[in-house]
Each structure stands twice: as structure tokens, then as C-alpha cells.
Amino acid sequence: MDTIEQFDSHVMQTYDRLPLVMESGSGRTCTDEDGKRYLDFGSGIGTNSLGYCDPAWADAVCAQVRRMQHTSNYYYTKVQADFAERLCQITGYKRVFFGNSGAEANECAIKLARKYSFDKYGAGRNVIITLRNSFHGRTMATLSATGQDCFHNYFFPFPEGFVYAEANDIDDLLKKMHNNVCAVMLEYIQGEGGVVPLDSKYVDQLYDFCAKRDILVIADEVQTGVGRTGTFLAGEQYAKKADITTLAKGLGGGLPIGACLANGKCADVLTKGMHGSTFGGNPVVCAGGLAVLEQVAKPDFLAQVLAKGAHIRAALRDCQEVTEITGLGLMLGLTLKTKQAADVKQAAFQRGLLVLTAKDKVRLLPPLNITIGELDSGLAILKECLSQ
Ligand SMILES: Cc1ncc(COP(=O)(O)O)c(C=O)c1O
């Protein structure tokens, strides 16, 4: 039995996979079972922020594995303390809760927002407005929070308390702002929704309104965070600081992590026994996360992310097939004139380049430390696929 047959016989068939069995990775390149190499412009959906097996990251992770792989949250570890402190310093938040994924980070944010409101205003003020075309995860509550009807199927009953407003439409948001609303949850750039950014003016109006009514803003930066857009948080480019920000994907450099950051207003709302996660803040993951922060949270590094994003845009400017490029930094969506994004992904794969899709766009989320030379090699392949 070959690997794909073995895999498909035993793993639930919930993903549409390319026929690629990855065996190893180094830098921005991975190698399959037959030794074929692929340049990766997807980084495990924005997760391998430092590429495959970055030496400093791997050293930190391996050293921690040898020191201690896990302990429960009944005890303290220095590495979790260091990681939390550094993350709070970088982002300006007061406290963080660690889970294992983006969905879990958002679950924490949902509980936190409702509890904040319960403590202050009593029961009943618990509705969270999310935006149409958003994506917040696959747990029951985060599916409910996701503002796309196609996700609200089969698994009934879904948790209540989510109302959807059209993105970039302030009138629709205000129409839905009843007295039972405790929070608004947004992605500055809707990633899974097709790399669709929110308008600055809309974000300004939304924040102003929420501040006046003591409605918390939750920024889901699971995909946009940790330098992906060229600033540590995408919110910086909107000059906004949400009450709660969630992070995941790129934060662990490829290890499973989710982080829910809270400002002074709501950092102490969840108290002992109200939330938890066996693996949350695992020492190995925190060691990996610290190694990511060490490299990413530097002005030069972030400026490079912006420059590389601009480089991609410039390289694709003369490509007739690309009618629009959306996104910020190294989170980009390409709108195609005639081709199907899935066909382009397939053609690139045949030529040794991995790209992603999001809705009908080709999506690029290369590792943040990709070189200009590697970008040029990948873009040459991509342009070939777009022009054939
Ligand atoms: C904005 C956003 N939020 C939440 C999630 C869910 O993250 P996870 O798959 O780690 O649970 C994703 C995943 O794509 C995402 O893009």
C-alpha cells in the first residue's frame, strides 16, 4: 500500500489534499517521498512563519523537549512566563491565555467578552456581532461566529448569540446594534473569505461606536497576526488596538498554539477554574513561540515583510491574468481574469511551487523570511501558470 492509499484508508476524509506526501523541509522548500522539491508559498497556511526547521527555532524547540516536554497548568514554567511577558510587551496587552489553535483562541475571546458584560451589566447582554464572509474556526461556537451560511449546516443545534453584519457597511452594523450586544468580532483582512480587507473608515466608525457603548472589539488576528501583514498586528496599520486580540497560526512557527490577548479592561475577567486547556502554554510550544518572536518582532524584519509584499505586487503588475491584488504584506490574494484558482494551484504544484486558494483567488502566504531570490523563482513559475 502506498502512503496515500494507507492514509486515505485510515484518516477521515475531511480535506481535499494534493497528491503530495511531504517528507522533510528546510528553509522555504519541502521535499516529497520521491525526493522532488517544492518551493512553498503557503507555509502551512501562514503557520511556518520562519519556513521549515529554522535552525534557531529548531534548537530552541529541541532543547526544551530535552529539558521538559510538558507539565499541566497546575504548575508554573519559566518558558511560559517568558513567552507571555514578551508577547504582552510586543503587543501592549496586559494578559494572555494560551490554547492550541485559532478556534480555541476565539472560544476564549467569546467567553471573555460575555463574562465581561455579565459582570458589568448582568445577564442578557451577550450577543456578538460578527461580519459576513468571516471565518473564525471549526468548533461549534466559532462555526456559529463564522458569518458564512455554508458553515451553518448539518451540525445543529449551533450555539446562539451571534448576529451577522455586512462587512464595510456601517449602516448594517448600526442596525444590528441592539442593547443585547456585548462585542464585535472582526478580521482586518478576511483571509479564508478571499483576502478581503476592511476599509479604514469602516473600522474607525466601528471602533468609535463600540467605545461609546462599552462594546468590546475582538480582533481575530489568527491569520493576519505575528508579522504576516508587515506589522506585528494588522491592527497597527489601521491605528487600532482591539480590547481582545486572538493569535494562532504563525505564532508557534509550526507548533500548535492559540493566544487570546486582553487589555486592562478585561484582562482579569476570567478567574480560576473558568477556562483552561491541558496543552495550552505547553513548554515546547512556548519555546518555539519565543524563537519566532525573537526574529519576527523587529522593525527591520517587519519592514522586509512589507518590502517583499511590494516586490510580489510589482512582479505581477504586468501579468494580464491578475486583475487585482488584495491584502497586506505577505498575505495576498490574486483575482484572476479567466482562470480558476484551483487550476493554477494544480499547475504550480506540477512545477514545484505550492500556493493556496481562498474563495476564487490564488492566495499567497509565503514564509516571512523568504528571500527575494526565492520569491523571484516562485513568481516565475506562477507567472508561467497564469499565462499558459
Ligand atoms: C481568521 C481565522 N480565525 C480562526 C481560524 C481557525 O484557526 P484554527 O484552524 O487554528 O483553529 C482561522 C483558520 O484559518 C482563521 O483564518
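Helices (DSSP runs of H or I, at least four residues) and strands (DSSP runs of E, at least two residues) are numbered from the N terminus. The structure is a predicted model, in which local features need pLDDT of at least 70 and side-chain atom pairs count only at pLDDT 80 or more, while totals for chains, interfaces and linings use all residues. Residues are numbered from 1 along each chain as its sequence is written, and side-chain values use heavy atoms, with hydrogens and water left out.

**Exercise 1.** Find where Ser43 and Ile45 lie, and state what is notable in the phi of each.

Solution. Begin with the place: Ser43 belongs to helix H2, residues 43–46, and Ile45 is in helix H2 too. Next, recall that most residues other than glycine have a negative phi, and most peptide bonds are trans. Phi of Ser43 is, however, positive, near 40°, and phi of Ile45 is also positive, near 55°. Finally, look at the accessibility, for which buried means under 20% relative accessible area, exposed over 50% and partly exposed in between, with a 1.4 Å probe and protein chains only. Ser43, with a relative accessible area of 1%, is buried, whereas Ile45, at 33%, is partly exposed.

**Exercise 2.** Describe the largest nonpolar core and say where it lies with respect to domain 1 and domain 2.

Solution. A nonpolar core is a set of buried Ala, Val, Leu, Ile, Met, Phe, Trp, Tyr and Cys residues joined through side-chain atoms within 4.5 Å. The largest one has 84 residues, and Leu87 and Phe232 have the most contacts inside it. Its largest share, eight residues, is supplied by helix H9, residues 283–296. Because domain 1 (3–54 + 299–387) and domain 2 (68–296) both give residues to this core, it lies between them; the domain bounds come from an automatic or database domain assignment. As a last step, take Phe232 and list its contacts (heavy atoms within 4.5 Å): leaving aside residues up to four places away in sequence, Phe232 touches Leu87, Ile90 and Leu293, among others.

**Exercise 3.** Work out how strand S14 is covered and which strands pair with S14.

Solution. Strand S14 spans residues 331–336, and six of its six residues are buried. Taking the two faces in turn, Met331, Gly333 and Thr335 are buried on one side, and Leu332, Leu334 and Leu336 on the other. Two strands pair if DSSP finds at least two bridges between them. Strand S13 (residues 322–328) pairs with S14 in the antiparallel sense over six bridges, and Glu324 has Thr335 as its bridge partner in S14. Strand S17 (residues 361–364) pairs with S14, again in the antiparallel sense, over three bridges, with Arg363 in S17 as the bridge partner of Gly333.

**Exercise 4.** Decide how the rings of Phe83 and Phe98 are arranged, and which parts of the chain the pair ties together.

Solution. Rings of Phe, Tyr and Trp (its six-membered ring) pair if their centres lie within 6.5 Å; planes under 30 degrees apart count as stacked, over 60 as edge-to-face and the rest as tilted. By this rule there are seven aromatic pairs. The centres of Phe83 and Phe98 are 5.1 Å apart and the planes lie at 10°, so the pair is stacked. Since Phe83 lies in helix H4 (residues 78–91) and Phe98 in strand S4 (residues 95–99), the pair ties together parts that are 15 residues apart in sequence. To finish, check the accessibility: both Phe83 and Phe98 are buried.
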